[in-house]
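Let's take a relaxed walk through this one. Have a look at the picture first, and then we'll go through it piece by piece.

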Amino acid sequence: MNTIAENNWLLTALVFTPLAGALLMVLIPEKDERSHKQAALITSLLTLGLAVFLLWDFDYSNAASLQYFVDTQWIEVIGAGYTIGVDGMSLPLIALTALIMPLVFVYSWHHIPEPGNAKAFLILSLILETGMIGTFVAQDLVLFFVFFEVVLLPMFFMIAVWGGANRRYASLKFFLFTLFGSALMLLSFLALYFLTDEGTFNMLVLTENAGAGIARGTQLLIFAGMFIGFGVKVPMFPFHTWLPDAHTEAPTQGSVILAAVLLKLGTYGFIRIAIPMLPEAAEAWAPWIGLLAVIGIIYGALGCLAQTDMKRLIAFSSVAHMGFVMLGIATLTDFGINAAIFGMVAHGLITGMLFFIAGSVKERYHTLEIKRLGGMLVQAPRMGWILGFVSMASLGLPGLAGFWGEFPAILAAYNPAAGVPEGTFRGYMVVAAIGTVLAAGYLLWLLQRTAMGEPSIEFADDPNITDVSPTEWIAWTPLLVGIVLFGVAPGLIFEVTDPAVVQSLDNCIMTGCEGVQTATSAAGGG
Amino acid sequence: MLSSIEPFLAVTDFNRPAIDWHAAAPELTLLGFGALITMIDIGWLERGRKLAAPLTSLALLATMVPIITLALSGEDRSMFDGGFVVDDYSLIIKAMFVLTGYVIVLISSHYIAEGDYWENEYYGLLLSSILGMILMASARDLISIFVALELLSIPLYMLSTWRKRDLKSNEAGLKYYLMGVFASAVMLYGMSLLYGATGSTLLTDVNEAVSATATPSALVVLGIIFVVVGFAFKVSAFPFHTWAPDTYEGAPTPVTAFISVASKAAGFVALMNLLFVGFFGRNDIFEPLIWALAAASMTAGNLMALRQKNIVRLLAYSGVAQAGYMLAPLAVASDVPDKALTASVTYLVIYAAMNLGAFAVVIAVARKTRSGLITSYRGLFRYAPGLTVAMTIFLFSLAGIPPLAGWLAKFRVMEAVIEADTTAGLVLGIFVALNSVIALYYYARIGFMMWAEEAPDGDLKPVSVPLPLGVALTITAVITVVMGIFPGDVLGRFTEVSLLAGG
């Protein structure tokens, strides 16, 4: 098994530092809001420090192997291990999570959403961070499942308590949709456990096994369960309806975390679990995944064009962007999946940033209705420019991060993996390319109607409308820098992810699975 | 004189069976304390009131001692030709019943003392009911199962009418009593058929006889169906659940907690003893029956729970659904006996902690609101954050959300039905998965009300939680959290069904 065991404590510390901070905060009285904010910020900065150390200490020449690997017993009776490790595939996502959270806490310094109670809000955010990082380091299916679910409760409460007017509907919908997916996902995990000869939840072993010994029909069913589980979280086209509601009603911080990290748990599940463990089924499902992905791209874009609410528009743009990510994944090529991971990080930075702006707009204008806004460049020029800049990044302007997620994904569709129908994917490619045009349409349209022109009479002399505040600058600058940095030097991410991605596809996907499986089963039968 | 009856004695050939006093020690301890409490009541009358609750707690703690020493000795014991068995399985069940009883005493003490209730009798009846339960854990004989069942049930019929000036409580008790007696009668009839068909009441003998032939006789089929149906009443499985919501609502809440956890668990223990020892060879009869009961219970229970307005009725219907989850592994008992048994027991133990906790919160909140309406939980977070967090833990554990213990319970159930690798098992697994989603709706709705809505009338007066109730909440909450993260091997110790048979 491809692992390097050293510095075993690092990942455990990374996962549980936020939780430890949250437990400490339980002891601080609720009245002392300032201490809570400090404690949350310091905890997340400590976590970020650990993540930076991880980035520094990570052995890049060995990015395909799991590093800082820990493998001990956890719940013996069900064969679940505490197995964690990090490779090039998860490293960028861990870094993204560790970066986003301090920014969220900086933003929270002056922006605890109604109805207040900083203590509960910040504690929930920290639990969320533990869940997210834990999901990215887990190398055991049960552990993965538990961390995957740990994020549900805090997010539910974040929307339910601190959300907008329609929060009850939105929070319950989010919760029910996700649980529906993960319940089926759990069934798939269990089926995989029992049908694999090794009888283990260890993801390394299951990846190495790559579905050997499981009948094709069964593989397809197991994959379908995971498909729904991860697809709801992404969210893919027919399962996406929870996302616009959740985003619209969630407080700014919730939207940022949701867009920047939570959606990635689904796509990460595809590339870490579903595809490497069941390559043959992945190959069979790939055209359907690709189809849903391009429907998502077009549907999301059209949805954007129909929105009257800025936050809802950004939410629908997430559906479209995650469509590109899923298209990249569906090609089953290393090129496409690298693009997908890049797309995940870029979408995290860009859409996270867009939701920050939406939150600040809401705070100033008390509305997000696009037709009532306007002239932001006059009243708050810096904010207007930032919106313009991020919109450009979002529509995939070369030189900014968004480009490197979208363009290679489209390109990869031209030449998908061996066992995947080429013609179909070239068709998808054309549709996805049209999607980028639509994306430019809705983003420029948004920009034009909110930032350009004269301020509407309603807000012309409103003293509330001020430019970017210092806390906002601190919270936003790292994201803006990241957007430029990864736009100019995409190799920073591609070089890390590539070896791990290639490794994860090191099975029958390379040459096409159908013939291989028939051969092995014939050999097994004889 | 004596010499003249000696020949008769020789003819009856009676030998006193050997008694392992250590194995019987938990039951005997509890019996001794129960007698003591009754004596104190008779002798000291009102002066004994203050002693009742502490003595009962002491009785339960003292009972834990032999249970622990038996567990440490690690030796499987059996008496009366295998009719009474002490093994890891039965010890875990006994420990669960005793701990449940302890928590019930904690949540009862203020409730009973503050209301206009008889106190000593309350605790005396409680102890005899627990005695029946721990006896059930060891019973491997039709007669002793029946005796244990009546010993645990009859006190509960009385306890549910404990609010004697309340019409609803009278209704609760009467309904429970009539339904319970009806179920007992059906079950007893089934047992008599089985005895008629097999010639023995000992479960191991029954098993040998019923599985001797390829096709069972009509007598055996009817006997097994009647016995299983009788216990379906006890565990409130659909469609034999109709007594539960009314009884739960009318009975004093601590008694409701006791019925919903301990009495249901006792029904399951009896069912497991019967299925795994007595009827094991006849899985062709009981498995389809259990399958249908499980699928119907979880679906119907959840759907009906969606429409409830009263928290106790909601917990009653959620209890019907939970009974469905617990029954599910038993429907694949023959394919994966070890897994199925551990899954059901794990579910029972975790269910006991989380459901008791939920009832403890209900009792605490009702101290202020004097209401059982779900809407009275609105805005609870504003004035009782501790209780809200506790209730959140219990409700979402019931819903099976990790890392709270309920997830492990549900995981084990799914594990068992999937490992069976049969279509029936897989379909049941899908039932469990989809039902978890339905159930989440009503649990999360309460969560939403507690956290995100305003308190009715803006009344933010805090809830006073007496110390024993606080201790009960702490115990159950800690178990609910810890069992979900570090269950250890407590629930994995007994993996061999063969131990159940003893003999």
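Where in chain A is the place of A:Asp87? Look in the loop between strand E3 (80–86) and helix H3 (91–108) of chain A, and there you'll find A:Asp87. Keep in mind as you look that this is a predicted model.

Is A:Asp87 buried or exposed? A:Asp87 counts as buried, because its relative accessibility is 3% and the cut-off for buried is under 20%. As for its company, leaving aside residues up to four places away in sequence, A:Asp87 touches A:Phe58, A:Ala63, A:Ala64, A:Ser65 and A:Leu66, along with A:Arg272 and A:Ala500.

Now let's turn to where the two chains meet. Chain A brings 34 residues to the contact and chain B brings 37 residues. Between them, chain A and chain B bury about 3,300 Å², with 84% of that on carbon and sulfur atoms.

What about charged partners across the interface? The rule finds one salt bridge between chain A and chain B. The pair is A:Arg168 and B:Glu453, whose closest N and O atoms are 3.5 Å apart. Counting polar contacts between the chains gives two residue pairs, both at pLDDT 80 or more.

So which parts of chain A supply at least two residues each to the side that touches chain B? They are strand E2 (66–75), helix H5 (141–150), helix H6 (152–162) and helix H7 (167–195). H7(A) gives the most, with 16 residues. Sort the residues on that side of chain A by type and you get 29 nonpolar, two polar and three charged.

Note on methods
Residues numbered from 1 in each chain as written. Chains lettered and ligands numbered in written order. Predicted model: local features only at pLDDT ≥ 70, side-chain atom pairs only at ≥ 80, totals over all residues. Heavy atoms only, no water. Contact = heavy atoms within 4.5 Å. Buried area = accessible area lost by both parts, 1.4 Å probe. Salt bridge = Lys/Arg side-chain N within 4 Å of Asp/Glu carboxyl O. Polar contact = N/O pair within 3.5 Å; in protein donor to acceptor, adjacent residues only side chain to side chain. Helix = DSSP H or I, 4+ residues; strand = E, 2+ residues; numbered from the N terminus. Nonpolar A, V, L, I, M, F, W, Y, C, P; charged D, E, K, R; others polar. Buried < 20%, exposed > 50% of the residue type's maximum accessible area, 1.4 Å probe, protein only.
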